Every structure is written in structure tokens, then in C-alpha cells.
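Open the model in your viewer and keep the selection tool at hand. The stops below go from the whole chain to single residues.

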Amino acid sequence: MGSVGTGTRNKVSGGEEEETINVLITGFAPFRTNFPINPSWEIAKSLPEYLPPPPTPFKGIPGHVPPPGTATGTIPPHPTNPPIPLPKVRLLVHPSPIHVGYRAVRNLVPSLWHLDSPSTPKIDLAVHIGMAGPRGFYSIERRAHKSNYTMGDVDNNLLSDLDDESAPHPWQDLPEELLSDLDMEDVLQRWRDHSPPYSDLRISEDAGHYLCDFIYYSSLAHLVKNNPHERKRVVFLHVPSEASPAWVKVGRELCLSLVRGMVESEVVRRERGSKVEDHQEEVGEL
């Protein structure tokens, strides 16, 4: 996966190159009869092609009623991490909802990354979006799991059904858990800074041992197998199951603020690394 700060570069006027950070976004198809619309896909397909400027201030979504016990308002006037200048950020939304099946996800994930295709943009960051239960909070998952998937998918298959086939498990030698290499605490704080204060945003330690968990592990595992020395810049976003237009609009804005927080975190990390390298060079010249 390309490192943030060395993503796609396009020629602009004057012959200079403009950096573009490419962020992969996916959402799932419906999978429960009592939830005929999956808000993860509704949110994903509503996203613009490029990350817009941060709202100043974000007053919430007209017509949306925040969850009970919260309050409306604007972004705090002095957030912990004010917005910083960013390169252009392109949102590459997968063109269709992901089928909620183990075999479909396992077959699809390698093609999402375009790692070996010179004709497609190189992915710098990824956000997989999925639906959680009827709740009022949004969470980013820290870790994904390889096994203990006991729930059948929409095709009535278990993950173990795939493992029993003649083809070997592609990740049989990988750990039971894989973690994102993003600085999750920093991303969470920046996500909160760019979101309305009534938003309940959290880090979760359990992605659920279902297709949400499985696509997350699949992406992390694919990146580890492709290049074990490359950082895994992937996150899974769990959203509430409510799929009304107002809630989808809130989810859209919170997804955008999450992407902004992720890119900011990586840009700041890159800049800190550059300063350390410059200091080391200066010390070496003394």
C-alpha cells in the first residue's frame, strides 16, 4: 500500500505535480429481513468523489434528531486538533455493495487494492463500512479476527465451509488477530474534532465475528501477505442500523470527518518522521 505523502501525483499548471491521497471506501448489501436497507452502502454511495473542505462550523443535519441524552451544537471553537492543510483526497467508492458472504468477500478483497495494476490508482487508506445493531454510536474497530466465525452468511455458508474445500486457507500462517497500523487514539481525537459534539464516536475492540470482522481481517491479511513490512492503513467503521435519509446524511458527514482525521493523522506522522530524518542528517554533519 502506498504511503501517505507519496500517493498519486498529477501534473498541474506550470508542470508541478499535485499529490492525491486515494482512499478506498466499501459498504455492504442488506443481510437481515428486519433491516431491508443497509446504511453502510447508503452512506458509501452518497460520498463525493473528493473530500470537501471541513465545515466551519458543522451545526448538525437539518431534520436529524440526535440520540437521546446528547445535545446539538457546533464543532468546539478550540478543538484538540484544528484542521490542517491536506493534499487532495480522492474517495474511491467500490461501485456496488459487498455481498454478505464469506466466499464473495474472500474472492473480492485482493482485487480491491489494485496493488499490481499500473492502470489504476494506488490505494493509500481504506475504510470498510458496516452496519451494527440499533444503537446511537459510531465506532472504529482496532482489531480483526481470523477464526471463530459461527454465524452463517446470507448464502447459509459458514467460514469453515470454505476452509474444508481443497484450496488451502490463504492466511493459515497469520495470527488470530490483526490490528490496523493507524494511530487509533489520534484518529479518534481528530474524528471527534471534526464532528458535531453530540456525536458518540468510539474505538471498539470487537468487530463482531461476522462479515464486518471478516472483510476487515481479509484486507489486513492481504496487505500482510503482499508486503509484511508495509503499514496497514485500514479501518472498519461500524454505523447504527437506522437507514432513514436523515441518519444516512449524518453517517455521510461522520464518514467524511473520519477520512479527514485518518489523512491528517498520517500526514502529521509523515511530517514528524521527516523532521526526525532532517535532525539526524544535521547531527551527522556536525
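Contact here means heavy atoms within 4.5 Å. The model is a predicted one. Start with the whole protein chain: among its contacts with a separation of 6 or more, 84% are between residues 24 or more positions apart. Colour by secondary structure, and six helices and nine strands appear. Of the 286 residues in the chain, 50% are buried. Switch on the surface next; the accessible area is about 13700 Å², and carbon and sulfur atoms hold 52% of that.

**Strand 9**

Select residues 234-239, which form strand 9. Six of its six residues are buried, that is, each has under 20% relative accessible area, so the strand is largely enclosed by the rest of the structure. In a regular strand, side chains alternate between the two faces of the sheet. Show the side chains here: Val234, Phe236 and His238 point one way, while Val235, Leu237 and Val239 point the other way.

Now add the strands that pair with strand 9. Strand 4, residues 125-131, runs parallel to strand 9 and is joined to it by six bridges. To find one of the bridge partners, pick Met131 and look across to Val239 in strand 9. Strand 5, residues 138-141, is antiparallel to strand 9, with three bridges between them. Here Glu141 has Phe236 of strand 9 as its bridge partner.

**The largest pocket**

Which residues lie nearest the centre of the largest pocket? Select Met131, Ala132, Ala207, Gly208 and His238. Met131 was the bridge partner of Val239, and His238 is one of the buried residues of strand 9. The lining has 16 residues in total: seven nonpolar, five polar and four charged. The volume of this pocket is about 250 Å³.

**Helix 4**

Move to residues 184-193, helix 4. Seven of its ten residues are buried, so this helix is largely enclosed by the rest of the structure. To display the buried ones, select Met184, Asp186, Val187, Leu188, Arg190, Trp191 and Asp193.

**Pro170**

The last stop is Pro170, in the loop between helix 3 (159-163) and strand 7 (177-179). Is Pro170 buried, partly exposed or exposed? Its relative accessible area is 32%, so Pro170 is partly exposed, a class that runs from 20% to 50%. Leaving aside residues up to four places away in sequence, Pro170 touches Arg106 and Lys225. Finish by drawing a C-alpha to C-alpha distance from Pro170 to His222: the two are 52 residues apart in sequence and 8.8 Å apart in space.

Key
Residues numbered from 1 in each chain as written. Predicted model: local features only at pLDDT ≥ 70, side-chain atom pairs only at ≥ 80, totals over all residues. Heavy atoms only, no water. 1 Å grid on protein atoms, 1.4 Å probe; cavity = no way out; pocket = protein on both sides within 12 Å on 5 of 7 lines; lining within 4 Å. Points joined across faces, edges and corners; volume = space filled by probe spheres on them. Nonpolar A, V, L, I, M, F, W, Y, C, P; charged D, E, K, R; others polar. Helix = DSSP H or I, 4+ residues; strand = E, 2+ residues; numbered from the N terminus. Buried < 20%, exposed > 50% of the residue type's maximum accessible area, 1.4 Å probe, protein only. Areas by Shrake-Rupley, 256 points an atom, 1.4 Å probe, with all protein chains shown as cover. Pairing = 2+ DSSP bridges.
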